[in-house]
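Biologist: Before we work with this model, I would like to go through it with you one question at a time, and I would ask you to give the reasoning behind each answer.

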Amino acid sequence: MRKLLFSLFYFILVKFITYILFHLLTYHCHPCFCGNRFDEELCTCTPYDLRRYTKRLSGPIVDRLDLYVEVYRLDDKEILDEARGDSSIKIKERVIKARQIQNMRFNSEKLNGDMSIGDIERYCFLNKECEDLMRKAIRTLNLSMRTYHKILKVARTIADLDAKTDIEKAHILEAINFRKK
């Protein structure tokens, strides 16, 4: 009986964790060996060390990440300055509205990140200016088809956060900025 319960618990746990990881994967790493890459006074790494460290994260893994964000240490002015961005409440409201837009679009709990290729073709229409921008990005950044689709999904989400029905040039540029440089 104990083996059966353990097996059942393990099966449920694995399925639950797999479900969670399918929808959200957060990858965190230090910017370099010493962890101070963005602070030139404190970083002890050589340029060779920096190149070697960044190569540890393989291209195929990076290609599967939707967002790549480098987080810099704040200085005292940024920490103490009263003029910060939007409040958490305003950001939460925008996210809730964007989720509602996506729920109406898909008639379900499906999100932009879960779009199929057919959904991308239907809901991520690009005007001529945006299409030209994407063509240039594909050529200059050597984007794969997977990366192209991820950029479109992120751009659609950014447009939803702006409460725009169409993807605009600014949304495409911001989505491209979320790719690893």
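Biologist: Is N107 buried or exposed?
Modeller: Keeping in mind that this is a predicted model, I would begin with the location, since N107 is found in the loop between α5 (88-106) and α6. Its relative accessible area is 69%, and the class begins at values over 50%. N107 is therefore exposed.

Biologist: What is the phi of N107 near?
Modeller: N107 is a residue other than glycine, and its phi nevertheless takes a positive value. The angle is near 55°.

Biologist: Which loop holds N142, the residue that has a positive phi although it is not a glycine?
Modeller: The phi of N142 is about 55°, and at 69% relative accessibility this residue counts as exposed. As for its place in the chain, N142 lies in the loop between α7 and α8.

Biologist: How many helices and how many strands are there in the protein?
Modeller: Reading along the sequence, one meets the pattern α-α-α-α-α-α-α-α-α. The count for the protein is accordingly 9 helices and 0 strands.

Biologist: What percentage of the residues in the protein is buried?
Modeller: The protein has 181 residues, and a residue is put in the buried class when its relative accessible area is under 20%. The buried share of the protein is 24%.

Biologist: Which helix gives the most to the largest nonpolar core?
Modeller: In soluble globular proteins, nonpolar side chains tend to be buried together. Here the largest nonpolar core has 20 residues, and L126, M134, I167 and I172 are those with the most contacts inside it. At least two residues of this core come from each of α7 (128-141), α8 (145-161) and α9 (169-177). With 6 residues, the helix that gives the most to this core is α8.

Biologist: Why does the salt bridge between K169 and E129 tie together parts that are 40 residues apart in sequence?
Modeller: The closest N and O atoms of K169 and E129 are 3.8 Å apart, which falls within the 4 Å that a salt bridge allows. Both residues are partly exposed, K169 with a relative accessible area of 36% and E129 with one of 45%. The pair ties together these parts of the sequence because K169 lies in helix α9 and E129 in helix α7.

Biologist: Is D119, which forms a salt bridge with R122, buried or exposed?
Modeller: The closest N and O atoms of R122 and D119 are 3.8 Å apart, and the two residues, 3 apart in helix α6 (residues 117-123), are separated by about one helical turn. R122 counts as exposed at 57% relative accessibility. For D119 the relative accessibility is 9%, so this residue counts as buried.

Biologist: How far apart are the closest N and O atoms in the salt bridge of R52 with D49?
Modeller: Both R52 and D49 lie in helix α2 (residues 47-54), where 3 residues, or about one turn of the helix, separate them. R52 is partly exposed, with a relative accessible area of 43%. The closest N and O atoms of the pair are 3.9 Å apart.

Biologist: How many salt bridges does a search of the whole structure find?
Modeller: Besides the pairs we have discussed, R105, R156 and D160 are linked in a network of salt bridges. The search of the whole structure finds 8.

Biologist: Which residues gather in a patch of negative charge on the surface?
Modeller: One member of the patch is E78, a residue of helix α4 (residues 76-80). At 44% relative accessibility, E78 counts as partly exposed. The residues that gather in the patch are D75, D76, E78 and D81.

Biologist: What is the area of the nonpolar surface patch made by L67, V69 and V71?
Modeller: V71 is found in the loop between α3 and α4, and its relative accessible area of 68% makes it exposed. The patch that V71 makes together with L67 and V69 has an area of about 300 Å².

Biologist: What distance separates the C-alpha atoms of Y72 and R37?
Modeller: Y72 lies in the loop between α3 (59-63) and α4, and at 47% relative accessibility it counts as partly exposed. Along the chain, Y72 and R37 are 35 residues apart, while the separation of their C-alpha atoms is 9.2 Å.

Note on methods. Residues are numbered from 1 along each chain as its sequence is written. This is a predicted model: local features need pLDDT of at least 70, side-chain atom pairs count only at pLDDT 80 or more; totals for chains, interfaces and linings use all residues. Side-chain values use heavy atoms; hydrogens and water are left out. Patches are made of residues with over 30% relative accessible area and no salt bridge: like charges are joined within 9 Å, nonpolar side chains (Val, Leu, Ile, Met, Phe, Trp, Tyr) within 5 Å. Accessible areas come from the Shrake-Rupley method with a 1.4 Å probe; for residues, only the protein chains shown count as cover. A salt bridge is a side-chain nitrogen of Lys or Arg within 4 Å of a carboxyl oxygen of Asp or Glu. Lys and Arg count as positive and Asp and Glu as negative; His and the chain ends are not counted. The place of a charge is taken as NZ of Lys, CZ of Arg, CG of Asp or CD of Glu. Helices (H or I, at least four residues) and strands (E, at least two) are DSSP runs, numbered from the N terminus. Buried means under 20% relative accessible area, exposed over 50%, partly exposed in between (1.4 Å probe, protein chains only). A nonpolar core is a set of buried Ala, Val, Leu, Ile, Met, Phe, Trp, Tyr and Cys residues joined through side-chain atoms within 4.5 Å.
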